[in-house]
Amino acid sequence: MILPSQQIAALIDAGHIRLGDEGGQVAHDALPQTLQPASLDLTLGRRAYRMRASFLPGTQARVADGIKALCLHEIDLDSGAVLETGCIYLVELQESLDLPDVLSALANPKSSTGRLDVFARVIGEASDRFDALPAGYSGPLWLEIAPRTFPILARTGDRVSQIRFKRGKPAPLRRQTVSVDLSPGLETVGYRARRHSGLVDLRGIGAHSALDYWEPIRLTSISGQGGGLILEPEEFYILASREAVEIPVTEAAEMAPIDTEIGEFRAHYAGFFDPGFGVAEAGGLGSRAVLEVRGRDVPFLLSHGQPVAHLVFEALAEQPTELYGANGSSYQAQGLRLSKHFAD
């Protein structure tokens with residue numbers, strides 16, 4: 001089962017999750033900002049490395065070996081640094097783990113990260129998989145960051161990824177199909193990212209003009225019978241699901257591809273939903289899933305109502321003490337919604 005926030009807090013108190021950079025401790029009153037209903041935000045450390053290539057250390061090696069072989073130069077994030085598009089960076093995270101043998105961990109980019117078209121994956125020591133830490137993992141954590149469309153201004157302490165903890169090997173409770181909303185009746189069905197835009201400050205919430213970075217996709221951009229959108233290769237789009245999404249208070253969900261052969265596009269980057277998303281009692285009635293879509297290889301016609309992903313639901317060990325959005329959230333009750341960094 002997936003651990004809720006109160007059990008993650010207990011892991012922190014017991015020293016199984018260590019907060020802070022290079023042995024320092026984050027004050028306990030900082031926990032509410034990083035602790036989510038069923039996950040923990042991971043924070044960037046002080047050092048980043050510009051890499052020649054992505055890599056996994058493998059079960060017989062350490063991350064330091066890959067840095068030694070592939071690092072181009074070291075970057076200090078304390079005063080902020082611009083991470084450029086088309087480049088790969090490896091950043092040490094402030095958190096580290098010393099998990100009990102019965103617990104494993106999975107990571108994914110935060111919603112805002114995915115909506116900025118920033119590719120982000122967690123790496124552990126002696127790891128042969130991205131975003132997955134085995135049961136009993138003990139050691140530091142690293143984050144590979146590759147901005148695709150917008151350069152980003154990043155600093156020590158910024159939250160780009162999140163991690164959740166599992167006991168045993170949970171079986172999915174059920175799946176919900178997610179399809180895309182490209183109804184001809186909508187004035188704006190999505191947004192296409194403008195290339196060669198300015199940088200995005202990760203701490204600049206609502207500080208960027210949306211139209212400087214995004215082109216609204218309106219009815220004049222729709223083609224094909226019944227409504228549809230032609231995805232251009234290597235262009236990035238923000239779209240919305242046709243269905244409302246509701247995550248029960250004792251469950252969490254992850255968005256997963258339906259099939260690798262559904263078409264020439266990728267439909268999501270982030271895709272983890274905390275308990276309470278879309279739930280009426282937490283102010284989320286009618287919430288939609290936002291789809292981070294990138295075209296591939298050849299132009300592809302995406303049709304209204306076309307299935308693009310599954311929501312895979314898993315049980316929590318117990319109900320979290322606080323639901324997603326109960327104390328405010330950028331994405332609760334969302335429809336078609338850009339990252340929180342952009343003003344409407």
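## A walk through a predicted structure

Let us start with five rings: Phe 150, Tyr 213, Trp 214, Phe 236 and Phe 342 form one aromatic cluster. What you are looking at is a predicted model, and a search of the whole structure finds nine aromatic pairs in it.

How are the rings of Trp 214 and Phe 236 placed relative to each other? Their centres are 6.1 Å apart and their planes meet at 45°, so this pair is tilted. Trp 214 belongs to strand β17 (residues 214-218), while Phe 236 belongs to strand β19 (residues 236-244), so the pair ties together parts that are 22 residues apart in sequence. Are these two residues buried or exposed? Trp 214 is buried, with a relative accessible area of 0%, and Phe 236 is buried too, with 1%.

Trp 214 also pairs with Phe 342. Here the ring centres are 5.9 Å apart and the planes stand at 90°, so the pair is edge-to-face. This pair links distant parts of the chain, since Trp 214 sits in strand β17 and Phe 342 in strand β26 (residues 342-343), 128 residues apart. With a relative accessibility of 4%, Phe 342 counts as buried as well.

Rings can have charged partners too. The charged end of Arg 115 sits over the ring of Tyr 331, at 3.8 Å from the ring centre. In the case of Phe 313, it is Arg 174 that lies over the face of the ring, 4.1 Å from its centre.

Now let us turn to the nonpolar cores. In soluble globular proteins, nonpolar side chains tend to be buried together. The largest nonpolar core of this model has 51 residues, and Leu 97, Ile 163 and Phe 165 are the members that touch the most others. Which residues does Ile 163 contact, once its neighbours within four places in sequence are left aside? They are Ser 39, Leu 40, Leu 42, Leu 97, Ala 105, Leu 106, Ala 107, Leu 133 and Leu 141. Apart from the largest core lies another, of 28 residues, and among them are Val 189, Ile 217, Leu 229 and Tyr 331. You have already met Tyr 331, as the ring under the charged end of Arg 115.

Near the start of the chain, have a look at helix α1, which covers residues 5-13. Its buried residues are Ser 5, Gln 7, Ile 8, Ala 9, Leu 11 and Ile 12. After α1 comes Gly 15, which has a positive phi, near 85°.

What about the cysteines? The model has zero disulfides. Cys 71 is in none, and the nearest cysteine sulfur, that of Cys 87, is 13 Å away. Why does Cys 87 have no bond to Cys 71? The 13 Å between the sulfur of Cys 87 and that of Cys 71, its closest cysteine sulfur, is too far for a bond. The surroundings of the two can be described as well: Cys 71 is partly exposed at 27% relative accessibility, whereas Cys 87 is buried at 12%.

Finally, how far can you trust the picture? The mean pLDDT of the chain is 90, and 91% of its residues reach 70 or more. Over residues 21-28, however, pLDDT stays under 50, and the model has 11 contacts beyond four places in sequence for this stretch. Where pLDDT is low, the predicted coordinates should not be read in detail.

Key
Residues numbered from 1 in each chain as written. Predicted model: local features only at pLDDT ≥ 70, side-chain atom pairs only at ≥ 80, totals over all residues. Heavy atoms only, no water. pLDDT = per-residue confidence, 0-100. Contact = heavy atoms within 4.5 Å. Disulfide = S-S within 2.5 Å. Buried < 20%, exposed > 50% of the residue type's maximum accessible area, 1.4 Å probe, protein only. Core = buried A, V, L, I, M, F, W, Y, C linked by side-chain atoms within 4.5 Å. Phe/Tyr/Trp six-rings, centres within 6.5 Å; stacked < 30°, edge-to-face > 60°. Helix = DSSP H or I, 4+ residues; strand = E, 2+ residues; numbered from the N terminus. Lys NZ or Arg CZ within 6 Å of the ring centre and 35° of its normal.
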